[in-house]
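Subject: Structure handover

Hello,

Please find the structure below, followed by notes on what was found in it.

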Protein chains: 2
Amino acid sequence: MKTYSISEVAEYFDMTPHTLRYYDKEGLMPFIERTSSGKRVFKESDMEALKVIECLKSSGMPIKEIKHFIEWCSEGDSTLQQRYDMFLERKASVEAQMEELKKTMEVIEHKCLYYKTALDSGTEDVPLIRNGLSKYSKGGAD
Amino acid sequence: MKTYSISEVAEYFDMTPHTLRYYDKEGLMPFIERTSSGKRVFKESDMEALKVIECLKSSGMPIKEIKHFIEWCSEGDSTLQQRYDMFLERKASVEAQMEELKKTMEVIEHKCLYYKTALDSGTEDVPLIRNGLSKYSKGGAD
DNA sequence: TCTTGACTTAGAGTTAACTTTAAGTAATAA
DNA sequence: TTATTACTTAAAGTTAACTCTAAGTCAAGA
């Protein structure tokens, strides 16, 4: 069976071996086996588990909560409902983040247009477009 | 002209007066005026500027960089290009974050389906669907 | 055999963005 | 007049997620 060293795994997931050890210490990887000399040996299934951990991380889940999920996993079928509920929550959270980013994007695109116009005319002080605003808020009112 | 106290502004932006003072201290609000007794007085234009600051924050921009933008604003037309470039960069960053969230969402939705199926059959151990994976990575392989 | 590089551990340090504390001032309500 | 509330400042503390340091082990190549 193909196995991976900590640095191979780190490279694959674009992190440092330090970070992987930190995750292990925080209880995210209780399933990693060791060599007789104590080195971590990563199996294919460990890589799959890490992908799920990465997914939960990029959904904004804190490491301590990911740890709870990992614990549920090792408790078996009795925690299926918790795990399902957790992923439903994650889904709602990611949807909310997407919604917020969308609103942010609208403001930013408006600003891009504003500055493009200002650059074309060489100045922000374009009374025909907008006036009465301070230097700081120009372009933020409509 | 309508003005606002620090706690009114805090309530409007769903933060504490503490946080607003912190932003001020970090140089994000050099335009806020004070009463003779030293209290901050927020004008309508300050509210607009704060909306832009909030937008930059939710795009993931660190406070120190937002401060640079605020400095550029007070330097006038000579910094128009920098500010335009900055918003183009923000746009690209938000687009990348949206892309990442989309990928995360796909994994999460897959997991929701996986756990729904598992709950229906009362167990994760469904050889017809998937086998050969550890307790930790089940549902993460396809 | 010696050196090099990758690994191990425990624990301290870093960074961002708050968040709280301490000590005090000013205006307003009872 | 006294108490309350909102405000002020400077500075220390908190939290998450690393990130680094120190001290040491182990296997492979010159």
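In these notes, a residue is near a molecule or strand if one of its heavy atoms lies within 4 Å of it. This is a predicted model, in which local features need pLDDT of at least 70 and side-chain atom pairs count only at pLDDT 80 or more, while totals for chains, interfaces and linings use all residues. Residues are numbered from 1 along each chain as its sequence is written, chains are lettered from A and ligands numbered from 1 in the order in which they are written, and side-chain values use heavy atoms, with hydrogens and water left out.

DNA strand C

Of the atoms of DNA strand C within 4 Å of the protein, 68% are sugar or phosphate atoms, and the rest belong to bases. The strand is surrounded by 16 residues, and the closest are A:Ser7, A:Arg21, A:Arg40, B:His18 and B:Tyr23. By class, the surface near DNA strand C has five nonpolar, five polar and six charged residues. Here Ala, Val, Leu, Ile, Met, Phe, Trp, Tyr, Cys and Pro count as nonpolar, Asp, Glu, Lys and Arg as charged, and the others, Gly among them, as polar.

Helix H1 (6-12) of chain A, helix H2 (17-25) of chain B and helix H4 (63-75) of chain B each supply at least two residues of this surface. H2(B) gives the most, with four residues. Helices are DSSP runs of H or I with at least four residues, strands are runs of E with at least two, and both are numbered from the N terminus.

Some polar contacts (pairs of N or O atoms within 3.5 Å) reach the phosphates. Polar side-chain atoms of A:Arg40 and B:Tyr23 each lie 2.8 Å from a phosphate oxygen of DNA strand C. For A:Arg34, the distance from a side-chain N or O atom to a phosphate oxygen of that strand is 3.1 Å.

DNA strand D

Around DNA strand D there are 16 residues, of which A:Tyr22, A:Tyr23, B:Ser7, B:Arg21 and B:Arg40 come nearest. Sugar or phosphate accounts for 68% of the atoms of DNA strand D within 4 Å of the protein. The surface near this strand divides into five nonpolar, five polar and six charged residues. Its largest share, four residues, comes from H2(A).

Among the phosphate contacts of DNA strand D, a side-chain N or O atom of A:Tyr23 is 2.8 Å from a phosphate oxygen. A polar side-chain atom of B:Ser7 is 2.8 Å from a phosphate oxygen of the strand, and for A:Lys57 the distance is 3.4 Å.

The two protein chains

Chain A superposes on chain B by a rotation of 180° with 0.0 Å of shift along its axis (RMSD 0.0 Å); the fit is by least squares on the C-alpha atoms of residues with pLDDT of at least 70 in both. The two copies are therefore related as by a two-fold rotation axis. In chain A, the C-alpha of A:Met98 is nearest the axis, at 3.3 Å. The copies meet through the same surface, because 100% of the interface residues of chain A are also interface residues in chain B.

B:Thr104 is found in helix H5 (residues 80-121) of chain B. At 5% relative accessibility, B:Thr104 counts as buried (under 20% relative accessible area, with a 1.4 Å probe and protein chains only). Apart from neighbours within four places in sequence, B:Thr104 is in contact (heavy atoms within 4.5 Å) with A:Cys55, A:Ser58, A:Ser59 and A:Val94.

Regards

Terms used
A polar contact is a pair of N or O atoms within 3.5 Å; within protein, one must be able to donate a hydrogen and the other to accept it, and residues adjacent in sequence count only if both atoms are side-chain atoms. Buried means under 20% relative accessible area, exposed over 50%, partly exposed in between (1.4 Å probe, protein chains only).
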